[in-house]
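Biologist: I am new to this structure and would love a close look at a single part of it. Please pick one helix, tell me what surrounds it, and show me how it fits into the whole.

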Amino acid sequence: MDYKKAGVDIEAGYRSVEMIKEYVKDTEREEVLGGLGGFSGAFSLSAIKNMEKPVLVSGTDGVGTKLKLAFLMDKHDTVGIDCVAMCVNDIACAGGEPLFFLDYIACGRNYPEKIAAIVKGVAKGCKMAGAALIGGETAEHPGLMPEEEYDLAGFAVGLADEKNLITGADIRPGDVLLGIASSGVHSNGFSLIRQVFEMTKESLETYYEELGMTLGEALLAPTKIYVKALKSVKDAGITVKGCSHITGGGFYENIPRMLPEGVRVVIEKESYPVPAIFDLLQKKGGIEEQVMYNTYNMGLGMVLALAPEDAAGAVKAIEAAGEKAYVVGKAQAGEKGVTIC
């Protein structure tokens, strides 16, 4: 008896590491110290010398049951982007710059090509966010997980000067809400989606005219990474008063997280286009509108609060970064919360 016969293939682990080295190297920043393969990742913080009050900002998250679609479609090169996005968007939302990222893959069996495809996506997400991929772990769990399945999670660390943190404390009645377009469902609400749509390869490969693609392609579209868009707004000299990353809990849970007491926001549904995947999901599942806005991003992956005079400049800066933005509502006096009309 040996470890391989017990279900853990150490040699496959070595092959995985060799296959992902080029992807990891492509994400390096000048602050990265050492290379892949050490017991920890090292990152220089010399940049904090240029800050008045440096603050580390962190985020951790996973991809959730969206992975079930990746298994069915045997497509593993985009879920890594989702994993990075869920972490770095939270950091950017607080006004931080993502510095580095670490991933964790738990699998029933280590298939080196599959692991390499996952990490390729992670590295692509890191490149999009400007973060270095400085380490990770692939853990083989025979008997705990099915051989063909895996789970993916990550952890990111960012940096901000305390004076640049986005807290929402200065949001006032009359401020404008700006929404940045999402790529679709992103990485939340898939437990409900899997109840609405039949989760078979045939179903996911069905082409829908209104989507302009197959159902699987629409659902597996990776989460948008908004780091560069928010940096573009900052570089334009515009102050973001509040920022909400629209993830699980949709509008009703996430937007109030950026609001001070005594401020309520009104969002106008007709102020921006809702992607067709949400209309299809709602109709096919017979889902009430309130549930949709309480579960999904409904086409807005990030919502910003700004002074009215800054709205036009912020839209221009966001679009210069390659994203689409809309004025979607305003803040007013009232009980903290959201009204969608």
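Modeller: The secondary structure of this protein adds up to 12 helices and 14 strands; here helices (H or I, at least four residues) and strands (E, at least two) are DSSP runs, numbered from the N terminus. With a radius of gyration of 21 Å, close to the 20 Å that the globule rule gives for 341 residues, the protein is as compact as a globular protein of that length. That radius is taken over C-alpha atoms, and the rule is 2.2 Å times the number of residues to the power 0.38.

Before we zoom in, please keep in mind that this is a predicted model, in which local features need pLDDT of at least 70, side-chain atom pairs count only at pLDDT 80 or more, and totals for chains, interfaces and linings use all residues. Residues are numbered from 1 along each chain as its sequence is written, and side-chain values use heavy atoms, with hydrogens and water left out.

Now the whole, briefly. Along the principal axes, the C-alpha atoms fill a box of roughly 70 × 55 × 30 Å. Of the 341 residues, 51% are buried, where buried means under 20% relative accessible area, exposed over 50%, and partly exposed in between (1.4 Å probe, protein chains only). A domain assignment, which is automatic or from a database, gives domain 1 (3–164) and domain 2 (175–340). The centres of domain 1 and domain 2, taken over C-alpha atoms, are 25 Å apart. Across the divide, 26 residues of domain 1 are in contact with 29 residues of domain 2, contact meaning heavy atoms within 4.5 Å. Contacts also reach far along the chain: among those between residues at least 6 apart in sequence, 85% join residues at least 24 apart.

The part I have picked for you is helix α8, which covers residues 227–235. Its buried residues are V227, A229, L230, S232 and V233. An α-helix has 3.6 residues a turn, so residues three or four places apart point the same way. What lies over the buried residues of α8? The cover includes three helices, α3 (79–93), α4 (112–129) and α12 (311–320), and three strands, β4 (97–107), β10 (242–245) and β12 (300–306). Just past the end of α8, G237 takes a positive phi of about 80°.

Let us visit that cover, starting with α4. A129 lies in this helix and is buried, with a relative accessible area of 6%. Setting aside neighbours within four places in sequence, A129 is in contact with V88, P98, I225 and V227; V227 is one of the buried residues of α8. A129 and V84 are 45 residues apart in sequence, yet their C-alpha atoms are 8.2 Å apart in space.

Next comes α3, the home of A85. A85 is buried too, with a relative accessible area of 0%. Its contacts, again without neighbours up to four places away, are T223, K224, I225 and H245. The C-alpha atoms of A85 and S187 are separated by 9.3 Å, with their positions 102 residues apart along the chain.

The loops beside these covering elements are worth a stop as well. Between α2 (67–73) and α3 sits D74, which has a positive phi of about 50° although it is not a glycine. At 57% relative accessibility, D74 counts as exposed. M298, in the loop between α11 (289–293) and β12, also has a positive phi of about 50° without being a glycine. M298, however, is buried, with a relative accessible area of 3%.

Finally, R109 lies in the loop between β4 and α4. Its relative accessibility is 40%, so R109 counts as partly exposed. Beyond residues up to four places away in sequence, R109 touches E140 and E147. A12 is 97 residues from R109 in sequence, while their C-alpha atoms are 9.2 Å apart.

To picture it all together, start at α8 with its buried residues, then trace the helices and strands that cover them, including α3 and α4.
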